[in-house]
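Here are a few short exercises to work through with the structure on your screen. Try each task before you read its solution.

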Amino acid sequence: MIYPEYDLYLWQYRATLRTYNDVLLKKEELFQNTQAKAISYDKDKVSGGVPSNTLETYITKKEELKIDETLEEVKSILDDRESLLKAKEQELRASNHLHDKVYCMRYIDFMSPYKIAEKLNYSKSEIYRILDKINKKIKLG
């Protein structure tokens, strides 16, 4: 059975994708601070102070947090995980094990249990039993 390993690869790929998204959000948040803001007239006027250069602050913080390097590294990991996932999917699709076939049809091709039963020439209740076993194995593994 290959599907538990495929499911693990899928979970790892999604976790890396979430990490990539988090880094992008940090970068976006820093960038948003450089954008023009509306003037607030209800605040007290204060003379003095040093005007801040938002673009300079953005670049400094981006370098401090090493956002670009982190994005490159996470993107590289994401690409590697994606290629592993695709290779495992090909292996899963080539498998002759019944559970692998059902997993592939249900969770990759998004077929209904009725369609799976029809294609594999099994009863619908048998397909549901197999899906229950698959779900238990995925949750435990």
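## Exercises with worked solutions

**Exercise 1. Place His99 in the fold and decide whether His99 is buried or exposed.**

Solution. Start with the secondary structure: His99 is found in helix 4, which covers residues 98-108. Keep in mind that the model is a predicted one. Next comes the accessibility. The cut-off for buried is under 20% relative accessible area. His99 has 14% relative accessibility, and therefore counts as buried. Finally, look at what surrounds the residue. Once residues up to four places away in sequence are set aside, His99 touches Met1, Tyr3, Ile130, Lys133 and Ile134.

**Exercise 2. Describe the overall fold, and state what percentage of the residues count as buried.**

Solution. First count the elements: the protein has six helices and zero strands. Read in sequence order, that gives the pattern α-α-α-α-α-α. Then turn to burial: 25% of the 141 residues count as buried. The accessible surface comes to about 10,700 Å², and carbon and sulfur atoms hold 52% of that area. Last, check how contacts span the chain. Taking contacts between residues at least 6 apart in sequence, 69% join residues at least 24 apart.

**Exercise 3. Find the residues that form the negative surface patch, and say which element gives the largest share.**

Solution. Begin with the members, which are Glu63, Glu64, Glu69, Glu72 and Glu73. Now map them onto the elements: helix 2 (54-65) and helix 3 (67-94) each give two or more residues to the patch. The largest share comes from helix 3, with three residues. Take Glu72 as a worked case, since Glu72 lies in helix 3. The cut-off for exposed is over 50%, and Glu72 counts as exposed because its relative accessibility is 60%.

**Exercise 4. Work out which class of accessibility Lys124 belongs to, and which residues Lys124 contacts beyond its neighbours within four places in sequence.**

Solution. Lys124 belongs to helix 6, which covers residues 124-140. Its relative accessibility is 43%, so Lys124 counts as partly exposed. For the contacts, leave out neighbours within four places in sequence; Lys124 then meets Pro113, Tyr114 and Ala117. As a distance check, pick the C-alpha atoms of Lys124 and Ser112: you should find a separation of 9.9 Å, for residues 12 apart along the chain.

Methods. Residues are numbered from 1 along each chain as its sequence is written. This is a predicted model: local features need pLDDT of at least 70, side-chain atom pairs count only at pLDDT 80 or more; totals for chains, interfaces and linings use all residues. Side-chain values use heavy atoms; hydrogens and water are left out. Patches are made of residues with over 30% relative accessible area and no salt bridge: like charges are joined within 9 Å, nonpolar side chains (Val, Leu, Ile, Met, Phe, Trp, Tyr) within 5 Å. Accessible areas come from the Shrake-Rupley method with a 1.4 Å probe; for residues, only the protein chains shown count as cover. A salt bridge is a side-chain nitrogen of Lys or Arg within 4 Å of a carboxyl oxygen of Asp or Glu. Lys and Arg count as positive and Asp and Glu as negative; His and the chain ends are not counted. The place of a charge is taken as NZ of Lys, CZ of Arg, CG of Asp or CD of Glu. Helices (H or I, at least four residues) and strands (E, at least two) are DSSP runs, numbered from the N terminus. Buried means under 20% relative accessible area, exposed over 50%, partly exposed in between (1.4 Å probe, protein chains only). Contact means heavy atoms within 4.5 Å.
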